Amino acid sequence: MTARWLLLLCLALCLAAPIPAQDDFLTADEVDQLRLTQEPNERIVLYLRFAQQRIDLAQDLVAKEKPGRSVLIHDALEQYTQIIDAIDTVADDALHRKLSIQKGMEAVTESQKKMLAALRKVDESRPPDLPRYKFVLQQAIETTEDSLELSMQDLNQRATEVEAREEREDKERESMMQPKDIEQKRAAEKKETEKKRKVPTLYKKGEQKKQ
């Protein structure tokens, strides 16, 4: 048994019993890896690796007819789709915070082209149990197509669209808030803005920089 197959087998067992976490489409080890990876480009690349593992698992299962495999294929594809959504969320959040994700988007474009081709190949192969996971397979294909299109978009344009969406959603949230809550929210935002503008200094109180 190859090392790759052992890895996929372990992943299949983990997918069969997902952990009770916020990101329940990930294994416990994957969640730990993400906690240690905060830089957006590195985080995106890590998510891509998780997504590829689901693709590999689905492909291997489709290639070998085994009882009960359709459930594992279904779960792998469903979790793959959630991972792709997570990549888009990480990218949009980084753009909202004015961070560069050029490197991450290049990795997404390269990887998702291959993953999309693999998904379409599964669909075109028409395995006998396809009806049992046809819906999630189609979702995976469509989600990858949309994400790939986003990754190829001009980042400045995408950042502008993210900001517009954030403002629209913020206004919608405010429309459902009480006037008192809105005042508190804006006061907190003003305080945060002033905090960011304040330049830290190593000089003591009353001490001035020498000319």
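## Helices, charges and a core

Student: The protein exposes about 14,100 Å², but how much of that do carbon and sulfur atoms supply?

Tutor: First, this is a predicted model, where local features need pLDDT of at least 70, side-chain atom pairs count only at pLDDT 80 or more, and totals for chains, interfaces and linings use all residues. Residues are numbered from 1 along each chain as its sequence is written, and side-chain values use heavy atoms, with hydrogens and water left out. Areas come from the Shrake-Rupley method with a 1.4 Å probe, and for residues only the protein chains shown count as cover. Of the exposed area, carbon and sulfur atoms supply 53%.

Student: How many helices are there in the protein?

Tutor: Helices (H or I, at least four residues) and strands (E, at least two) are DSSP runs, numbered from the N terminus. The strand count is 0, and the elements run α-α-α-α-α-α-α-α from the N terminus on. The number of helices is 8.

Student: How far apart are the end C-alpha atoms of H5?

Tutor: The expected span of a helix is 1.5 Å times one less than its number of residues. H5 has 24 residues, so it should span 34 Å. The model agrees with that, as the end C-alpha atoms are separated by 35 Å.

Student: Is Asp 123 in H5 buried or exposed?

Tutor: We call a residue buried under 20% relative accessible area, exposed over 50% and partly exposed in between (1.4 Å probe, protein chains only). Asp 123 has 12% relative accessibility. Its salt-bridge partner, Arg 126, has 51% and counts as exposed. Asp 123, though, counts as buried.

Student: Which residue pairs with Arg 120 in a salt bridge?

Tutor: In general, side chains of opposite charge can pair when their charged atoms come close. A salt bridge here is a side-chain nitrogen of Lys or Arg within 4 Å of a carboxyl oxygen of Asp or Glu, so that's our test. For Arg 120 the closest N and O atoms are 2.8 Å apart, and the partner is Glu 145.

Student: And which helix holds Glu 145?

Tutor: Arg 120 sits in helix H5, and its partner lies 25 residues away, so this pair links distant parts of the chain. Glu 145 is partly exposed, at 31% relative accessibility. Its helix, residues 134-151, is H6.

Student: How are Glu 110 and Lys 114 spaced along their helix?

Tutor: These two form a salt bridge, with the closest N and O atoms 3.9 Å apart. Both are in helix H5 (residues 102-125). Being 4 residues apart there, they are separated by about one helical turn.

Student: Which side chain makes a polar contact with the side chain of Glu 163?

Tutor: Glu 163 is in helix H7 (residues 155-175). A polar contact is a pair of N or O atoms within 3.5 Å; within protein, one must be able to donate a hydrogen and the other to accept it, and residues adjacent in sequence count only if both atoms are side-chain atoms. At 2.9 Å, the partner is His 96.

Student: Which helix gives the most to the largest nonpolar core?

Tutor: A nonpolar core is a set of buried Ala, Val, Leu, Ile, Met, Phe, Trp, Tyr and Cys residues joined through side-chain atoms within 4.5 Å. This one has 45 residues, and Leu 77 and Leu 119 are among those touching the most other members. The elements giving two or more residues include helix H2 (28-35) and helix H3 (40-63). The one giving the most, with 12 residues, is H4.
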